[in-house]
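Q: Please examine closely the surroundings of ligand 1 in this model. Which residues come nearest to ligand 1, and which elements give residues to the shell around it?

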Amino acid sequence: MTARQRNNVRIIGEGTRPMIFAHGYGCDQSMWRFMVEAFAHDHRIILFDHVGAGGSDLSAYDPERHGGLQGYADDVLEICRELDLRDVVFVGHSVSAMIGVLASIREPERFAKLVLIGPSPCYVNHDGYRGGFSREDLEGLVEVLDSNQLGWAGTMAPVIMGNPDRPELAEELRNSFCRTDPEIARRFARVTFFSDNRHDLPRVTTPVLILQCAEDAIAPEAVGAYVHDNIPGSRLVRLAATGHCPHMSAPDETIRAMRAFL
Amino acid sequence: MTQPPSPGALPFESAEELYENAPFAYLSVGTDGQIARANRTLLAWTGYEAADLVGVKRFPELLTAGGRIFYETHVQPLLRLQGTVNEIAYDIVRADGTVFPALMNGTVLRDGEGRPALYRLTLLDASDRRAFERELQAARRRAEEAGEALRRLNETLEETVRTEVERRLRAEEALRHAQKMEALGQLTGSVAHDFNNLLGAILSNLEVAERHSDERGRRFLANAVRSVERGEALTQRMLAFGRKQRLNPTRVDLAGLVTGARDLLERSLGPGNRLVLGVPEDLPPALVDANQLELALMNLAVNARHAMPDGGTLTVSATLESAAGGDPGGLAPGDYLRVAARDTGIGMDEATLAKAAEPFFTTKPAGQGTGLGLSMVHGLAAQSGGRLALDSQPGEGTVVAIWLPVAG
Ligand SMILES: Nc1ncnc2c1ncn2[C@@H]1O[C@H](COP(=O)(O)OP(=O)(O)O)[C@@H](O)[C@H]1O
Ligand SMILES: [Mg+2]
């Protein structure tokens, strides 16, 4: 199996400069819709789904490899290698910001720039560090996931995920975007929210742009500032946009900030 | 203004009244989460006043921490991408901090330019359904756990049974082998004993006849005596296997004995083969019949010669070893001297190895093998309080080890 098949890679655009978009926890590549519109005319855009999400190959899920963010970073690097990408602009949302950080540390020569949207190196509070969540909060998330598995995701999603050759089933699903395999989603939640990559930040040598939203419940401003302080030479832009997904809720502002950096 | 309804007329209904008292909670929420409007049903379910919520709280504040994360990571993107969300299971936090389960649907309302302006959220009380789901989930988990436990039990059961059966089979096999050797020993010993007596009688009669014979007769008689003597040598080996041999165990310095036997061993081994001796000087003495041990080593050298028709090396060595309790060969715990003869010959397959020490077992053509070599060595080792150990594989050579007790 190629990395392209495994991660449902799609390549779009007229430009030559490669720009790879990595979606965050809970979604898939469809979340980059507005970014694709904005950058396709002068970039070579690479979209993909993390294993377990969207149209990825579920059989490629390896509990050991995907039991940590490094495994996801290695997936990204395999895609880059397979497509022979160099001078890559990596755009990572949420957990994928850290996945990009790890990938760039492992193969710095491959990356030209990193754009980190709503990054957090550690979601759990530790003494002196405010990630924003307690362990109980995050266990609560797993409960919500379980409850939702029994709704649409639990009853319909497996049917769809198990029948990739019958796309018409997907039409019947009432929430047809951002499909994930429930069991993998559960594990990915743990990997995402219990990772601690604070010590990796100073090891980044690629130029970094941090996009920080106002009132981001997942990655609060203090966390964005922490990332900025710990990645040498990084640039931090505070957006007027609120929430956790500025590339969806305020695409124009997000695109402007990215263009200024690129 | 409103007239009381006249008898028989339908009660008054307005869209407003329907909105406020619908069996769902209605919420209009800005794209930033600010609550812009809430119906009376929501207020009743949550225990808030409208003034506590509208323009004051954001919708995610009505959720648990886990729910807030889910809202930001799943619900918001879904609303943006497909314009609606369906049946999101949430716990809603009431004003007093208690929670109730709800199912949420949501739709995006757009402004004049088509941009998302409001989310209209409807909440359905899902207490019953969630309780049912929880039960279902718990039942499923129990079923899975039971299945898992059963599977694990089955697996370990198989494993336990297999190892136990193997252990017993091995023990039985060892016992069966020991009993067989014992029975063979008894039989061989008593036959050899009777034969020996017969040979003794023949010999003394031959001696008498010799005195009464002429020159020519004596030549025939001398031939007869030699045959009787060969017969006696054979019966000695049979007696040795049967542990009926009269042994004369003494403190034996193995280094001295083996070096002294070098010539004998080299001759037994034949010209094409190399003999290597490795017996340290400082070993404690063994308690064994020195002549018999020499004879045993000679037998091993002959076997090695037959096993190395194209030439090879026989290494005779000795080491000090200790046997723990439960030794597979039945050795009593204690210190032993292990005299080993290792050859680089053709080796033995499993079937040959299993029978090699039995008396009269031979794979050699008549005239070359009697099948009494290893059985004699076995008998000597056993009668001396030690044991014989064979290790061999086809093509890998053979190690014959004689374990002997240390002389106290
Ligand atoms: N060193 C050896 N290498 C290979 N096979 C051997 C060796 N020693 C004994 N054997 C096998 O064991 C059998 C029994 O040996 P032994 O009791 O000495 O009787 P014999 O040598 O008269 O056959 C031999 O016929 C041979 O098959
Ligand atoms: Mg022999």
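A: The following account describes the site of ligand 1, beginning with the confidence of the prediction.

The model is predicted, and the predictor assigns the complex an ipTM of 0.86 and a pTM of 0.57. For chain B, the mean pLDDT is 87, with 96% of its residues at 70 or more.

Ligand 1 occupies the space of the second largest pocket. Two helices of chain B, α9 (290-307) and α11 (373-383), are the elements that each give two or more residues to the shell around the ligand. There are 18 residues around ligand 1, and those that come nearest are B:Asn303, B:Asp343, B:Thr362, B:Thr363 and B:Lys364. By character, the shell comprises ten polar, six nonpolar and two charged residues.

Polar contacts can be described atom by atom. The side chain of B:Asn303 places an N or O atom 2.8 Å from an oxygen atom of ligand 1. At B:Asp343, a polar side-chain atom lies 2.8 Å from a nitrogen atom of the ligand. B:Gly373 takes part through its backbone, where a polar atom is 3.4 Å from an oxygen atom of ligand 1. As for burial, ligand 1 taken alone exposes 520 Å², of which the protein buries 94%.

Conventions: Residues are numbered from 1 along each chain as its sequence is written. Chains are lettered from A and ligands numbered from 1 in the order in which they are written. This is a predicted model: local features need pLDDT of at least 70, side-chain atom pairs count only at pLDDT 80 or more; totals for chains, interfaces and linings use all residues. Side-chain values use heavy atoms; hydrogens and water are left out. A residue is near a molecule or strand if one of its heavy atoms lies within 4 Å of it. A polar contact is a pair of N or O atoms within 3.5 Å; within protein, one must be able to donate a hydrogen and the other to accept it, and residues adjacent in sequence count only if both atoms are side-chain atoms. Accessible areas come from the Shrake-Rupley method with a 1.4 Å probe; for residues, only the protein chains shown count as cover. On a 1 Å grid over the protein atoms alone, a cavity is a set of points where a 1.4 Å probe fits but cannot get out, and a pocket is an open set with protein on both sides within 12 Å along at least five of seven lines; lining residues have an atom within 4 Å of a point. A molecule sits in a cavity or pocket if more than half of its atoms lie within 2 Å of its grid points. Helices (H or I, at least four residues) and strands (E, at least two) are DSSP runs, numbered from the N terminus. Ala, Val, Leu, Ile, Met, Phe, Trp, Tyr, Cys and Pro count as nonpolar, Asp, Glu, Lys and Arg as charged, and the others, Gly among them, as polar. pLDDT is the predictor's confidence in each residue, from 0 to 100.
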